[in-house]
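Colleague: I would like a close look at a single part of this model. Please take me through that part, then through its surroundings.

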Amino acid sequence: MSRDSVLALQDLCVYFPLKRGAFRRSRQFAYAVDGVTESVGRGEILALVGESGCGKTTVARAVLGLTKPTSGSIMLQGVDMAQAPHKVRQEAGAGVQVVFQDPASSLSPRMTVHDIVAEPARTRGRPDGESLKSKVLELLDTVGLDTQHLWRRPHEFSGGQCQRIAIARALASDPYLVVLDEPTSALDVSVQARILTLLSALRDARGISFLLITHDLAVAQCMADRVAVMYLGRIVEKGPTHAVLSNPLHPYSVALLASVPSPDPTQRSGAAVLGGEVPSPVNPPTGCRFHPRCPQRTDICSHTDVRLREVSDGRSVACHLAPETPVGA
Amino acid sequence: MKSGGDAVSPSRRIGAGGWGSGNSHDREELLVLHDVRLDFESLRGTVYALNGVSFSLRAREVLSLVGESGCGKSVTALTIMGLLQGPQVRIRGGEILFQGEDLLKKTEHEMVQLRGKSLAMVFQDPQSSLNPVFTIEKQMVAVVRAHTSLSKAAARETVEESLSVVGLPASRSIMTAYPHELSGGMRQRVCMGMALACDAPLLIADEPTTALDVTIQAQMLRLLRRLRDEKRVSQLLITHNMGVAAQASDRVAVMYAGDIVEVGAAEDVLVRGRHPYTNALRACLPTGSTAAHLKTIPGGVPDLLAPPTGCRFHPRCHLALDECATSKPPMLRVGNDHSVACHAVAAGGQEMRRV
């Protein structure tokens, strides 16, 4: 793990107990995140990709402190968020911000744009009205919003504009890490293109790290430096974006990529479609969690658990069948 | 944009022919929309939602209607189904011919007979289109019995069969289940099974895969293709996803702000698109490896309370001519099965310039 990583997850586990009546203690758990080790460097964009229920949003919530990890550690700028003193944790946590999927429901309908964007700055320091206003105007300018809209409320804006307000709010406390939870999934493609351009410019200009949660591989491809593919609470493959997406090694990554419909009708995919559905995280399959759906499974897959192992520089795969010898980059 | 757009290999053409697009224009037209105009009266004024929509869907064909949110795709579908009613809906003209009969002239009673029997529809959110308090069997049998004179047992058999057609083989256990017990993909299959239970010749699917994961989406696209080939179901597929349109359809119609701007064979529209909006939309798709490659369309989708005059896309169009602001461009045939509504294309010259 590099020393300058702003976020480091070590064997992170989040289990949710299932309710079994008022007095009985729960004996069953949903294994939402089960042993995730990952880090994000300064100015780096890491994409967590996977289908719904794979645990990518739970990882994001744990990083934000919205969900308590069952075990494992989360380090933000070298501060262990489970052990460090309160003041230190507060300081480290304030530099982590989030942009959610649905822009309309993540902005308070009763607040003006000014109040929404000013709130993080207000809670951190006690700036006076004028300097606060100039800071808000500067932020709106950064995200490409008309500064005349300062006193409007969220319902007067389109989805793309609301997402810009949410990004301005996230920038207001000068974060070093921003969690983007499906930032463009609710937007049209032409608006998505603009938001992605804005985010990528922000990374270049301010050196902010992003943890990008997305199910859209095309978005991950054009934004991220590295990707981690998740399946049922575990990372099955990770590495540099280009390497993973152009030459996926894990059968699930292969299937995920083949499932994306190409916008070119002359390229009709004849590839085998993955059968079945994602199993329940309450009773995850034994051995490799992907084996019931895996087209290449062998005997070992169903009974022997598999861990991530490095196959080449910066690339790791959790598959019994992945090449033993390091592959060329 | 991939190279080789013009050099379609012969084998591809044969492949496309296998898909049934070979001489499809000889086939009978199942559904024809001609200059359909529809407004909504709102408190803020009149919303000009459909501005003369015309297209046709041939038998055993899949036509995709693509466009961004608010362009009128779903309104078009709901108008065909006759589901837009109420004092605020104004159908100002046009006709919707289904099997030769104008659906706009039908009474509500006649439409009730057609819906589910001849016109079937599947919605985006399968959770909210199934009734949570009835088992799958109960709701599906009710549909079948409403449209046929089958006995309960015979209807149940029909239901079981249509569930196995949509890829739910363990249909016994599914039939006794309630909707909340099924996954999203299974629910969408149930909705399709219900739509097909009465052998409707036309299936309108409004964003059928948008709420599903990509691997499940791939399964659904395969199913839609099978329905067309084996059950000969014509489909009107509404989607904002160009990938889905490219993979699932024979023909594609592109909508913008209540207008059809381009329609034709999927390859013609999505690979060799002529309308500036079609090409701009394609350029917005993240395909490259950096966000710097992404193109955007200047401006925003127009407010349909006061749509632009002439061509509704002209304020955002880099090819706009003077006449674009004054007159609505007519549909112009530019290929065998390919039409575009654009003055700049009609004027020739730089129309082939890629955005």
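How much space lies in the second largest pocket?

Modeller: Keep in mind that this is a predicted model. The second largest pocket holds about 570 Å³ of space. Its lining is made up of 25 residues. Closest to the centre of the pocket are A:Ser158, A:Gly160, A:Gln161, A:Val191 and B:Gly300. Two elements of chain A give two or more residues to the lining. One is helix 5, residues 159-171. The other is helix 6, residues 189-206. By residue class, the lining of this pocket has 10 polar, 8 charged and 7 nonpolar members.

Now to chain B, which gives B:Gly300 to that central group. Chain B has 355 residues, and 55% of them are buried. Its secondary structure consists of 13 helices and 12 strands. Take the contacts in chain B between residues at least 6 apart in sequence: 66% of these join residues at least 24 apart. The exposed surface of chain B is about 15,100 Å². Carbon and sulfur atoms supply 51% of that surface.

Two residues of chain B show some local detail.

Start with B:Thr209. This residue sits in a loop of chain B, between strand 7 (202-206) and helix 9 (214-230). Its relative accessible area is 3%, so B:Thr209 counts as buried. The cut-off for buried is under 20%. The side chain of B:Thr209 makes a polar contact of 3.0 Å with the side chain of B:Gln217. Setting aside residues up to four places away in sequence, B:Thr209 touches B:Gln217, B:Met220, B:Leu221 and B:Val244. B:Gln217 therefore appears both as a polar partner and in the list of touching residues.

Next comes B:Met111. Helix 3 of chain B, residues 108-114, is where B:Met111 is found. B:Met111 is buried because its relative accessibility is 4%. Beyond its neighbours within four places in sequence, B:Met111 is in contact with B:Ile80, B:Met81, B:Gly82, B:Leu103, B:Lys106 and B:Leu119. One distance places B:Met111 in the wider chain: its C-alpha atom is separated by 29 Å from that of B:Tyr178. Along the chain, B:Met111 and B:Tyr178 are 67 residues apart.

To recap, the pocket has a lining of 25 residues, and helix 5 and helix 6 of chain A each give two or more of them. In chain B, B:Thr209 is buried in its loop, and B:Met111 is buried in helix 3.

Definitions and conventions:
Residues numbered from 1 in each chain as written. Chains lettered and ligands numbered in written order. Predicted model: local features only at pLDDT ≥ 70, side-chain atom pairs only at ≥ 80, totals over all residues. Heavy atoms only, no water. Helix = DSSP H or I, 4+ residues; strand = E, 2+ residues; numbered from the N terminus. Buried < 20%, exposed > 50% of the residue type's maximum accessible area, 1.4 Å probe, protein only. Contact = heavy atoms within 4.5 Å. Areas by Shrake-Rupley, 256 points an atom, 1.4 Å probe, with all protein chains shown as cover. 1 Å grid on protein atoms, 1.4 Å probe; cavity = no way out; pocket = protein on both sides within 12 Å on 5 of 7 lines; lining within 4 Å. Points joined across faces, edges and corners; volume = space filled by probe spheres on them. Nonpolar A, V, L, I, M, F, W, Y, C, P; charged D, E, K, R; others polar. Polar contact = N/O pair within 3.5 Å; in protein donor to acceptor, adjacent residues only side chain to side chain.
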